Amino acid sequence: MPNLTSTSEFLLLEFSDTRELQILHFFVILAIYVTAVTGNLLIIITVVLDHHLHTPMYFFLMNLAVLDLGSVSVMLPKAMANSLLNTRSISYSGCVAQVFFHFLFSGSDFAILTIMAHDRYVAICRPLQYERIMHKEACIRMAASAWITGILNATLNTGGTFAITFCSNIINQFFCEVPQIIKLSCSDLYLIEIGILMFSSGFFGGCFIYIIITYMKIFATVLRMPSVQGRKKALSTCLPHLTVVSLLLFTGIFSYMRPSSKTSPELNVIFAVMYAILPPLLNPFIYSIRNKELKTALLRLTDVGHFPQISSSKILLAKLG
């Protein structure tokens, strides 16, 4: 095979070679993208504008929404452009950028979810020390460490991926997915990236184990609470986070643990959508549906003219309702 290391572009997988279906795919992807962007932007704007939500839990939720917003913006705009313009190309630098930002947002995302588990642990298991432990400076340091972790994860994986000698420029996916890029390798250098991916998997595995241990402690504390109402309130703050973690984890495992050699291109696309698109699309709805404070704040935000005038008694009534 010819050495294509110096190639200036890659060719991505087409959703369809029929023009009518390409236009249909464009509108479907556009609807998904607008929904994901709107949901996450609403959370970001609501948390920023509503002082009632200026707490550690919502600060980390805002960071999660920013990461989810970035995650869907890495691949969907290019997929829309390719479908609309009847092309399948992406520049070499564009592919590098997709890989970098995909790993940045996914790594930071899981780090933030781990920090959110710690926040729930302190709030439920050590409530008297919550303000001392989860003060403003500590929250900013935690969030910064999550972003730095994502940057390191992205730098390692991007460097390892594009140190490879490529024998083809045809990527069997609608975005620059690393497992598909590794398949284009001509040399044993791909083993470097496999090693880095294993290191990243170890990081995600460590985060997951920490979350599991944290929730074991939380459930043990909740079960000892004498009040049924107190147990329900404590669990209600944890259920959205647990749902989001489970969604991200199981879609990722389902996508990456499949036998890739026996998977068709169509299934590859479905699996990629499951782990890369579904979590950032559904996360705003998961948190909004189960969270009365956030729903109340969203209602205040939509009623712009009355936003500053709403009294605490009305807020309390909205919460009880």
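This section describes the disulfides, the unpaired cysteines and one nonpolar surface patch of a predicted model.

Two disulfides are counted in the model. With the bonded cysteines counted along the chain, the connectivity follows the pattern 1-3, 2-4.

One disulfide connects Cys95 and Cys176, with an S to S distance of 2.1 Å. The torsion about this S-S bond is about -130°, so the disulfide of Cys95 and Cys176 is left-handed. Cys95 belongs to helix α3, which spans residues 92-125, while Cys176 sits in the loop between α5 (136-161) and α6 (178-182); the pair therefore ties together parts that are 81 residues apart in sequence. Cys95 is buried, its relative accessible area being 0%. Cys176 is also buried, with a value of 2%.

The other disulfide is formed by Cys167 and Cys186, and the sulfur atoms of this pair are 1.0 Å apart in the model. Here the link is between distant parts of the chain, 19 residues apart: Cys167 is placed in the loop between α5 and α6, and Cys186 in the loop between α6 and α7 (190-223). The distance of 1.0 Å satisfies the criterion of sulfur atoms within 2.5 Å. Cys167 is buried at a relative accessible area of 12%, whereas Cys186 is partly exposed at 36%.

Two further cysteines were examined for pairing, Cys125 and Cys238. For Cys125, the closest cysteine sulfur is that of Cys238, at 8.6 Å, which is too far for a bond. The relative accessible area of Cys125 is 22%, and the residue is classed as partly exposed because buried residues must fall under 20%. Cys238 takes part in no disulfide, and the cysteine sulfur nearest to that of Cys238 belongs to Cys125. In terms of accessibility, Cys238 is buried, with a value of 1%.

Apart from the cysteines, a nonpolar patch is found on the surface. The patch consists of Leu41, Ile45, Val48 and Leu49, which together have about 330 Å² of accessible area. Leu41, one of these residues, lies in helix α1, which covers residues 19-49. The relative accessible area of Leu41 is 34%, so Leu41 counts as partly exposed; this value also meets the requirement of over 30% for patch membership.

Technical notes. Residues numbered from 1 in each chain as written. Predicted model: local features only at pLDDT ≥ 70, side-chain atom pairs only at ≥ 80, totals over all residues. Heavy atoms only, no water. Helix = DSSP H or I, 4+ residues; strand = E, 2+ residues; numbered from the N terminus. Buried < 20%, exposed > 50% of the residue type's maximum accessible area, 1.4 Å probe, protein only. Patch = residues over 30% accessible without salt bridge, like charges linked within 9 Å, V, L, I, M, F, W, Y side chains within 5 Å. Areas by Shrake-Rupley, 256 points an atom, 1.4 Å probe, with all protein chains shown as cover. Salt bridge = Lys/Arg side-chain N within 4 Å of Asp/Glu carboxyl O.
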